[in-house]
Amino acid sequence: MVMGFGVYFDNRKIIGSTKKEHISPIMEDLQTLDFSVDVENQELAYDVENRRSTINFLEVGQDVSIRYGYELENKTVEWFQGGKLRLSKWSADNKKLSITAKDRFNDLDNIYRKGMYSETGISLYDLAFDVFRDGGIGERDFEIDPYLKSVLINNPIPAVKHKEALQLIANAGRCILYQDRYGKLILRSDFMPSMSAVGENQERFSKPENVLKF
């Protein structure tokens, strides 16, 4: 559901597109997502000199939703979400409209200045929550692994960019930080926890512990 004005480009108008993604499994670097698309503009539908052109509604920071479709044997198209990014720049000439979008980490460039020493300790969960909210991310737009509630630290988060503060928290908690295909920022553990499996009223040949083998 789109509330307001939306611009839709399909494969009849799209000349080409690229999507580049990088993510470090040990959070040595922050995840980066870059998407670009070129749209045919032969009829000057996206003319910057035309006040009624839809191009005048494009603004940096707007959501860019990417969807891929696969045509099935019965000629119906199955769609799935490919990503939800933020518009970073655009340009247009007499031949094409070019749009570039990036991940939400690209917006978290302000400095986090609320780091304080905690004598009794503060959980990485609470720290991450505060960094997300201080960076302007709504509660529906991020998810934090509950495991981090059990990891306490005393030292303050230094005065760094919000995205760098989140990276420090991820490293301290052995977590991975990434953006999913729906645009939500995820901070979750990146190690295999200790697990056990038991069963009740199983057959004599049943071995519940086998469900833990991958």
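User: What makes the five strands an open sheet, and in what order do they lie?

Analyst: In this predicted model, the order is 1-2-5-4-3, with antiparallel pairing. The row has two edge strands, strand 1 (14–22) and strand 3 (63–71), and each pairs on one side only. From one strand to the next, the twist averages 35 degrees.

User: How do you know that strand 3 and strand 4 pair?

Analyst: Two strands count as paired if there are at least two bridges between them. Nine bridges join strand 3 to strand 4 (residues 77–92), so the criterion is met. The two strands run antiparallel. One link to look at involves Ser-65: its bridge partner in strand 4 is Lys-84.

User: Where does Ser-65 lie with respect to the largest pocket?

Analyst: Ser-65 is among the lining residues nearest the pocket's centre, along with Val-7, Tyr-8, Phe-9 and Ile-66. The lining holds 33 residues, and the pocket volume is about 1300 Å³.

User: Why is a residue called part of the lining?

Analyst: Because it has an atom within 4 Å of a pocket point. Strand 3 gives the most, with nine residues. Strand 1, strand 2 (32–40), strand 3 and strand 4 each supply at least two.

User: What makes 21 residues of the lining nonpolar?

Analyst: The count goes by residue type: Ala, Val, Leu, Ile, Met, Phe, Trp, Tyr, Cys and Pro are nonpolar. Val-7, Tyr-8, Phe-9 and Ile-66 line the pocket, so these four belong to the nonpolar class. Ser-65 is not of a nonpolar or charged type, so Ser-65 counts as polar. Besides the 21 nonpolar residues, the lining has seven polar and five charged ones.

Note on methods
Residues are numbered from 1 along each chain as its sequence is written. This is a predicted model: local features need pLDDT of at least 70, side-chain atom pairs count only at pLDDT 80 or more; totals for chains, interfaces and linings use all residues. Side-chain values use heavy atoms; hydrogens and water are left out. Helices (H or I, at least four residues) and strands (E, at least two) are DSSP runs, numbered from the N terminus. Axes are lines fitted to C-alpha atoms, for helices over the stretch in contact, and angles run from 0 to 180 degrees between N-to-C directions. On a 1 Å grid over the protein atoms alone, a cavity is a set of points where a 1.4 Å probe fits but cannot get out, and a pocket is an open set with protein on both sides within 12 Å along at least five of seven lines; lining residues have an atom within 4 Å of a point. Grid points are joined across faces, edges and corners, and a volume is the space filled by probe spheres set on the points.
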